[in-house]
Amino acid sequence: MKRLFITGGAGFIGANFVHYWAENHPGDFILVFDALTYAGNISSIEPALADERAVFVRGDICNRELVEFLLGEYAIDTIVNFAAESHVDRSITGPDAFIKTNIQGTHALLEAARSIWLNGHGMPHRFHHVSTDEVYGSLGPDDPPFSETTPYAPNSPYSASKAASDHLVRAYHHTYGLDVTTSNCSNNYGPYQFPEKLIPLCIINILNGNPLPVYGDGLNIRDWLYVEDHCRGIELVINRGRAGSVYNIGGCNEWTNIDIVHLVCQEVDLAIEASPSLRESFPDAPASRGAKSRELITFVSDRPGHDRRYAIDAEKARRELGYSPMTDFDKGIRLTVRWYLDNTRWWQEILDGSYRDWINRNYGSRGIEL
Ligand code: NAD
Ligand code: TYD
């Protein structure tokens, strides 16, 4: 039985991971630790928190004393670090928060883990760090996909801050013997993704009849993975990965942005065309008036420093851990569109600000301090 400390567990991938772990490891204890920044949403994990083996604490990973106290108090043996500032566009307009949370926060977590787990005789433990393929930089059209030995070449403040955190995790294994693993994953999509990211942004903008902003020529390529497949990969690394090792996790699923936007348009149109109640709920969606969503596509100025192509070589995870993705892209996109159609309250409360008011009323505006 494990006792997990899941940072960033109220965010997109973290929330999916909390559900995944609770379902597949019902005897384990889970402490979700999250600062509830703009990207954190406690309603994403409410069903999991109803279980008495789950606890939620609002706090900042930079608060080393608080983390240290909780690791000891709850006899935690596994940290899974999802907490991060995660949006490239925000890192361009405001990099400070990325340096603080992604670098200093990861460092504070490592120090807390070292002080609790390596004290005296030490105890069995694992520190799993969730990272991104963006640390490897950008690929040309004919380059082989990123492997675990591809040199780091981060291009945005976001990817540079994640790269720095990866190096710290590695150093804590090499120098102090902390039992760490790291996974570098490609772009995720699925339920509970904050509506600033490409796929949920497009679904919601279509429903509201708003433009679909495509950066530059729309030909940038990402390797997309359904979030549940990422959660399964992390589970395999935690349970079977070698201490000190890095594993790339990806979908073997490269798409240009413009093709993705077309696919999302098509899926939303099909759903609306088949449902009078959706037409009533979303009168501004093009399909509700017999038009096509692709009319909303609007090419806009490119993101500064926009990486051209990411692709992951997940052979090491397949060979050592038996990992392979299970959800194909058509099915994953269909499931994702369906989730946003069935959970309008989740994203409407984010858009109209009522969710943030509720958090501040129920959790205060800052969270626990020690
Ligand atoms: P997200 O932005 O949806 O969620 C981040 C969560 O971290 C939020 O709940 C937020 O409240 C919390 N958080 C932020 N700062 C914090 C702090 N100082 N202390 C405690 N909690 C804090 O991000 P995501 O998309 O779920 O990404 C999770 C992790 O996976 C990140 O480390 C990211 O780099 C990595 N990753 C993401 C993707 C992707 O496609 N989304 C791909 C590969 C790797
Ligand atoms: P995003 O979801 O922000 O993930 P990342 O930048 O971490 O890969 O963006 C995915 C791709 O979609 C990326 O190439 C930027 C592009 N994009 C747009 O074209 N328009 C948008 O409105 C957004 C948010 C992203």
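**Exercise 1.** Is the crossing of H3 and H5 left-handed or right-handed? Work out how the two helices meet.

*Solution.* Before we start: this is a predicted model, where local features need pLDDT of at least 70, side-chain atom pairs count only at pLDDT 80 or more, and totals for chains, interfaces and linings use all residues. Residues are numbered from 1 along each chain as its sequence is written, chains are lettered from A and ligands numbered from 1 in the order in which they are written, and side-chain values use heavy atoms, with hydrogens and water left out.

Step 1. Find helix H3 at residues 64-73 and helix H5 at residues 96-117. Helices (H or I, at least four residues) and strands (E, at least two) are DSSP runs, numbered from the N terminus.

Step 2. The axes of H3 and H5 come within 9 Å and cross at roughly 40 degrees. Axes are lines fitted to C-alpha atoms, for helices over the stretch in contact, and angles run from 0 to 180 degrees between N-to-C directions.

Step 3. That angle makes H3 oblique to H5. The cut-offs: under 35 degrees is roughly parallel, over 145 roughly antiparallel, 65 to 115 roughly perpendicular, and the rest oblique.

Step 4. The crossing of H3 and H5 is right-handed: the near helix is turned clockwise from the far one by less than a right angle, while anticlockwise would be left-handed.

**Exercise 2.** Which residues of H7 and H9 make the contact?

*Solution.* Step 1. Look for helix H7 at residues 198-207 and helix H9 at residues 257-273, whose axes come within 10 Å.

Step 2. Contact means heavy atoms within 4.5 Å. On H7, the contact is made by Leu198, Ile199, Cys202, Ile203, Ile206 and Leu207. On H9, it is made by Asn257, Ile260, Val261, Val264, Cys265, Val268 and Ile272.

**Exercise 3.** How many residues of H9 are buried?

*Solution.* Step 1. Buried means under 20% relative accessible area, exposed over 50%, and partly exposed in between (1.4 Å probe, protein chains only).

Step 2. H9 turns out mostly covered, with 12 of its 17 residues buried. Among them are Ile258, Leu263 and Ala271.

**Exercise 4.** What is Ile297 in contact with, leaving aside its neighbours within four places in sequence?

*Solution.* Step 1. Go to strand E13, residues 297-300, where Ile297 lies.

Step 2. Ile297 counts as buried because its relative accessibility is 17%.

Step 3. With those neighbours set aside, Ile297 touches Leu212, Val214, Ile258, Val261 and His262.

Step 4. Pro211 is 86 residues away from Ile297 along the chain, yet their C-alpha atoms are separated by 6.0 Å.
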